[in-house]
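Q: I should like to learn how to read the features of a protein model step by step. Where might one begin?

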Amino acid sequence: MEKTAELKSFEFRACVSLVKAMGKKATTLRELRDLMASVSDNSILHHTCEYFLKGHILEHTNDFAQWAAEGLEERALAEHLSNIDSFGFNRVEDLRAELIRVIEDYLEKFPEPREAMEGDEFYFLQAVTLIFPLGIRAQNLAEFLLGMRYVEAASISYHFYEARMLFGKGVDDFSVWVEEALGKAELAARIRSIDPFMHDAEGIRSHIIAEIEAEVERDMEAV
């Protein structure tokens with residue numbers, strides 16, 4: 001059964017990212033590695049976790065892997081970088097360390113990778129994220145379902161993707177609220193099992209709505 005006392009409402013929010021250049025570029029894999037060690041956390045996040053918010057899904061799972069494949073034609077390295085789960089780390093520093101480790105391991109095996117041609121350099125960017133409320137709150141599962149159906153895609157992206165790393169939670173906002181406020185651990189686990197690499201924001205919305213609708217049906221049958 002859902003908790004009914006002192007429920008903490010879910011406030012739907014969205015975010016806007018203002019992307020700016022950092023004035024740093026890499027032509028070689030070693031330059032990429034060295035710059036990755038010194039750029040801001042926001043830059044690492046932009047090139048990894050925010051890769052899915054850019055309106056296109058490419059072959060790889062982060063900008064570093066995409067550049068390794070297209071800019072350097074190092075397909076094997078691109079595959080290794082793509083296998084890193086950007087959302088599997090609670091701290092940006094741990095994600096950064098894993099990216100660097102994969103590159104260093106590759107350099108040990110292939111110490112002379114090709115240099116990017118002019119125009120194919122990797123340019124480091126970072127995003128300043130502005131978070132704002134949408135004025136939509138949910139006190140129960142039915143209201144939450146209604147909000148999920150009608151909020152803008154930017155809100156789905158923020159709560160499912162951005163919140164994982166911005167606040168060091170490692171999990172999405174939706175499942176946290178469902179578990180902590182509603183006491184529905186199994187529903188929360190099903191939401192967390194949705195693969196962030198396989199869907200865009202609308203795909204995530206559809207999967208969560210399907211899980212909530214099934215949960216509502218089960219609740220009604222149990223009455």
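Q: Is Val178 buried or exposed?

A: This is a predicted model. A residue is judged by its relative accessible area, and under 20% it counts as buried. Val178 has 0% relative accessibility and is therefore buried.

Q: In which helix is Val178 found, and what does Val178 touch?

A: Val178 belongs to helix α8. Leaving aside residues up to four places away in sequence, Val178 touches Phe144, Gly183, Lys184, Leu187, Ala188 and Ile191. A separation along the chain can also be set beside a separation in space: Val178 and Thr27 are 151 residues apart along the chain, and 46 Å lies between their C-alpha atoms.

Q: How many residues of helix α8 are buried, and which are they?

A: Helix α8 spans residues 173-180 and is mostly covered, with 6 of its 8 residues buried. The buried residues are Asp173, Phe174, Ser175, Val176, Trp177 and Val178.

Q: Asp173 is in that list. What does Asp173 touch?

A: Asp173 lies in helix α8 and counts as buried because its relative accessibility is 9%. With residues up to four places away in sequence left out, Asp173 touches Phe10, Tyr158, His159 and Ala163.

Q: Which residue caps the N-terminal end of α8?

A: The cap is provided by Asp172. One of its side-chain oxygens lies 3.1 Å from the backbone nitrogen of Phe174.

Q: Phe174 has now been named twice. Which other residue touches Phe174?

A: One such residue is Ser155, which touches Phe12, Arg13, Ala14, Leu134 and Phe174, not counting residues up to four places away in sequence. Ser155 lies in helix α7, residues 153-166. At 0% relative accessibility, Ser155 counts as buried. Its side chain also reaches the backbone oxygen of Arg13, at 2.6 Å.

Q: How should one describe two helices that pack together?

A: Two packed helices are described by the angle between their axes and by the distance between those axes. In this structure, helix α6 (residues 141-150) packs with helix α10 (residues 201-222) at an angle of about 155°, and their axes are 10 Å apart. An angle over 145 degrees counts as roughly antiparallel, and α6 and α10 are therefore roughly antiparallel to each other. Their crossing is left-handed.

Q: Which residues make the contact between α6 and α10?

A: From α6 come Leu141, Phe144, Leu145, Met148, Arg149 and Tyr150. From α10 come Arg205, Ile208, Ile209, Ile212, Glu213, Glu215, Val216 and Asp219. Sorted by class, the contact has 9 nonpolar, no polar and 5 charged residues. Phe144 of α6 is also among the residues that Val178 touches.

Q: At what angle do α1 and α5 pack?

A: Helix α1 (residues 29-36) and helix α5 (residues 92-109) pack at about 155°, with 10 Å between their axes. They are therefore roughly antiparallel to each other, and their crossing is left-handed. On α1 the contact is made by Leu29, Arg30, Leu32, Arg33 and Met36; on α5 it is made by Arg96, Leu99, Ile100, Ile103, Glu104, Tyr106 and Leu107. By class, this contact has 8 nonpolar, no polar and 4 charged residues.

Q: Where is Pro111 placed, and how far is Pro111 from Arg30?

A: Pro111 is in the loop between α5 and β2 (122-138). The C-alpha atoms of Pro111 and Arg30 are 9.5 Å apart in space, although the two residues are 81 apart in sequence. Pro111 counts as partly exposed because its relative accessibility is 38%.

Q: Which residue has a positive phi although it is not a glycine?

A: That residue is Glu73, with a phi of about 60°. Glu73 lies in the loop between α3 (63-70) and α4 (75-82). Glu73 is exposed because its relative accessible area is 53%.

Q: How many helices and strands does the chain have, and in what pattern?

A: The chain has 10 helices and 2 strands. Along the sequence, they follow the pattern β-α-α-α-α-α-β-α-α-α-α-α. The C-alpha trace spans about 65 × 30 × 25 Å along its principal axes. Of the 223 residues in the chain, 46% are buried. Among contacts with a separation of 6 or more, 72% are between residues 24 or more positions apart.

Key. Residues are numbered from 1 along each chain as its sequence is written. This is a predicted model: local features need pLDDT of at least 70, side-chain atom pairs count only at pLDDT 80 or more; totals for chains, interfaces and linings use all residues. Side-chain values use heavy atoms; hydrogens and water are left out. Axes are lines fitted to C-alpha atoms, for helices over the stretch in contact, and angles run from 0 to 180 degrees between N-to-C directions. Helices (H or I, at least four residues) and strands (E, at least two) are DSSP runs, numbered from the N terminus. Angles under 35 degrees count as roughly parallel, over 145 as roughly antiparallel, 65 to 115 as roughly perpendicular and the rest as oblique. A crossing is left-handed if the near helix is turned anticlockwise from the far one by less than a right angle, and right-handed if clockwise. Contact means heavy atoms within 4.5 Å. Ala, Val, Leu, Ile, Met, Phe, Trp, Tyr, Cys and Pro count as nonpolar, Asp, Glu, Lys and Arg as charged, and the others, Gly among them, as polar. Buried means under 20% relative accessible area, exposed over 50%, partly exposed in between (1.4 Å probe, protein chains only). A polar contact is a pair of N or O atoms within 3.5 Å; within protein, one must be able to donate a hydrogen and the other to accept it, and residues adjacent in sequence count only if both atoms are side-chain atoms.
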